Amino acid sequence: MYKKILLATDGSEHSIRAASHAIEIAQVKNGSIDIVYVVDGNTSKSDVLHGIDKYEVKKEREEKFKPIRTKIKEAGISCETHFLHGEPGPSIVEFANDNQYDLVVVGSRGLNKLQTMILGSVSHKILKRVECPVLVVK
Amino acid sequence: MNIAKKIKYEWFGNVRGDVLAGIVVALALIPEAIAFSIIAGVDPMVGLYASFCIAVVIAFIGGRPGMISGATGAMALLMITLVADHGLEYLLAATILTGIIQVLFGVFKLASIIKFVPRSVMVGFVNALAIMIFTSQLQHFEGESWIMYSMVALTLAIIYIFPRITKAIPSTLVAIVVVTVIAVFAGLGIRTVGDLGNISSQLPIFMIPNIPLSFETLAIIFPYSLALAIVGLLESLLTANIVDDMTDTESNKNKESRGQGIANIVTGFFGGMAGCAMIGQSVINVKSGGNGRLSSLVAGVFLMFLIIALGGIVVQIPMAALAGVMIMVAISTFDWSSLRNIHKIPRTDAIVMIATVITVVVTHDLSKGVLLGVLLSAIFFAAKISKVKVTHISSVDNSKKIYKVHGQIFFASVNDLVEKFNFNEPIKQVEIDLTNAHLWDDSAIGALDKIEMKFEQNHVKVKYIGLNAESRLLKRKIGGLSKASGH
């Protein structure tokens, strides 16, 4: 149980906090952590606009997860990074279910009801529709 | 066999997704095509025909399946003065010429010129475009009542809040329907699309623009066509890159340039204005599940079907609703991250971006902004790499001096270089170490010759060491020429 952990992240502070919880669990259970990041339409647009070419864009995206990756690697845990394209919620749900993870760890921005209504809550969607247990880190 | 497979995949690999997304895009295209026509100063039909023709033609011959093209704001903004001064027929001719120029770009594989446009210029381009679309709407607010203002506000509120309920129907369409229904049934008497132009329920027909085929005509339309061709390709290739990234697939940029050109030629002959790929619509298409050629075809055909079936209703859309949609388009076109990060990026990049925006806003011409931005970037780049460093050491008995040159030696850096040598020292020999330097052009060789000559006038011998292979070749080819010619 909890050997194959999926860490859904956007490179933000919340997701770094979520990472440390994922590491704790992986260490106890001797498991592995896969990082997943979803590039949505608007992110594509601004990344391509600011990037010189697609290699540059890819490099910059990978750079974003370096702190989290090093943190996981330093803890002696094997780690892979996956980039998905589409809407964050559904993409993560599909990926987690298809690849049969034991646990999904996700950070929460801690939005109130109004913010959730306007901005939408990715962690809420994951919680509702992923088949395995989900750890939402506040 | 392989090609047949590829064609089959590009057309029918995703039928359900493409048809549904195409319908969504068609619904979102209508208000934009009408609003862009009004910006350009032509009848709404001109923009609608353009979006229909371009979307259909691109479906067959574009290089980036899943990308949506049609009448766009960037292109409409370039046409305003041409339409105002010379009328629709000249616009149609200019559209055809734009297409011809773009086909040439594609044939000569010039699509890669987009890499000479620095990203700060691209950011400036989209920001300027957003500002221009926004300011083009201000005229609709002049002398209007609070009823019109509140209808614009209602449109925007629906556009931004409705997606929280469902994303299946485009929120712009919902906003337009709601606002139109309110305006019609409450009898608000605010201005509508019908007040600004006609909607005819007719398919576009082939016709040759009614203009004199003379050199004067060419002189009038060519500057517009060139600007349209460049801006169209710039936005199309940027959009293609975005769709590439969103779908994690590759596309053929030269084929896309050619396709855009042919689409514009066809559009011009069928009474439509020049267009290009649309970032916003392409993002909507991919998000709605479209990624094949069928999506663009469905979008074009369904758009025309709606206009023929519902033309009578479309003229009743209040301008307030369209202004609201255009404000949304402006907000989503603007690259807000560039404002947030403006203090973080290199200052020269920020200057280039702002200069591009200001040029466009002042001249109302996107191509001029891009041109100035590229020139300015080139100058900044040349200034940045033209900094040469020269260090020197003297031998123990002070008879010999070694100069070490670091940097790029070319036309912009040679003045600095020559000044860094001291020619009046009582020494016998000078060694110039070029291990960390690169000679780039005629000016570089000329500068070295000049240095050598000045030393020789004082009877100092000059020796070069550490030239890299390329520099040595250049020096051998043109070295001594400037000296021999008596400089």
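In this predicted model, strands E3(B) and E4(B) form a hairpin, with 5 residues between the two strands. Within the turn, B:Asn398 has a positive phi of about 60°. The two arms of the hairpin, residues 389–394 for E3 of chain B and residues 400–409 for E4 of chain B, pair in the antiparallel sense over 6 bridges. One position illustrates this pairing: B:Lys389 stands opposite B:His406 in E4(B).

Strand E4(B) also pairs with strand E5 of chain B, which spans residues 429–439. Here the strands run parallel, and 9 bridges join them. In this pairing, B:Lys404 has B:Asp433 in E5(B) as its bridge partner. The connection between these two strands involves a helix: E4(B), helix H18 of chain B (residues 414–419) and E5(B) make a right-handed β-α-β unit.

Attention may now turn to the nonpolar cores. In soluble globular proteins, nonpolar side chains tend to be buried together. The largest nonpolar core in this model has 129 residues. Helix H2 of chain B, residues 15–40, contributes the largest share of this core, namely 16 residues. The residues with the most contacts inside the core are B:Cys53, B:Met75, B:Ala94, B:Met273, B:Leu322 and B:Leu366.

Of these residues, B:Ala94 may serve as an example. When its neighbours within four places in sequence are left aside, B:Ala94 is in contact with B:Leu82, B:Ile221, B:Tyr224, B:Ser225, B:Leu228 and B:Ala274. Apart from the largest core lies another core, of 30 residues, which includes A:Ala8, A:Ala22, A:Val106 and A:Val130.

Technical notes. Residues are numbered from 1 along each chain as its sequence is written. Chains are lettered from A and ligands numbered from 1 in the order in which they are written. This is a predicted model: local features need pLDDT of at least 70, side-chain atom pairs count only at pLDDT 80 or more; totals for chains, interfaces and linings use all residues. Two strands pair if DSSP finds at least two bridges between them. Helices (H or I, at least four residues) and strands (E, at least two) are DSSP runs, numbered from the N terminus. A crossover is right-handed if, with the strands pointing away from the viewer, the path from the first strand over the helix to the second runs clockwise. A nonpolar core is a set of buried Ala, Val, Leu, Ile, Met, Phe, Trp, Tyr and Cys residues joined through C-beta atoms within 7 Å. A residue is buried if 20 or more other C-beta atoms lie within 10 Å of its own, exposed if 12 or fewer, and partly exposed in between; C-beta atoms are placed from the backbone. Two residues are in contact if their C-beta atoms, placed from the backbone, lie within 7 Å.
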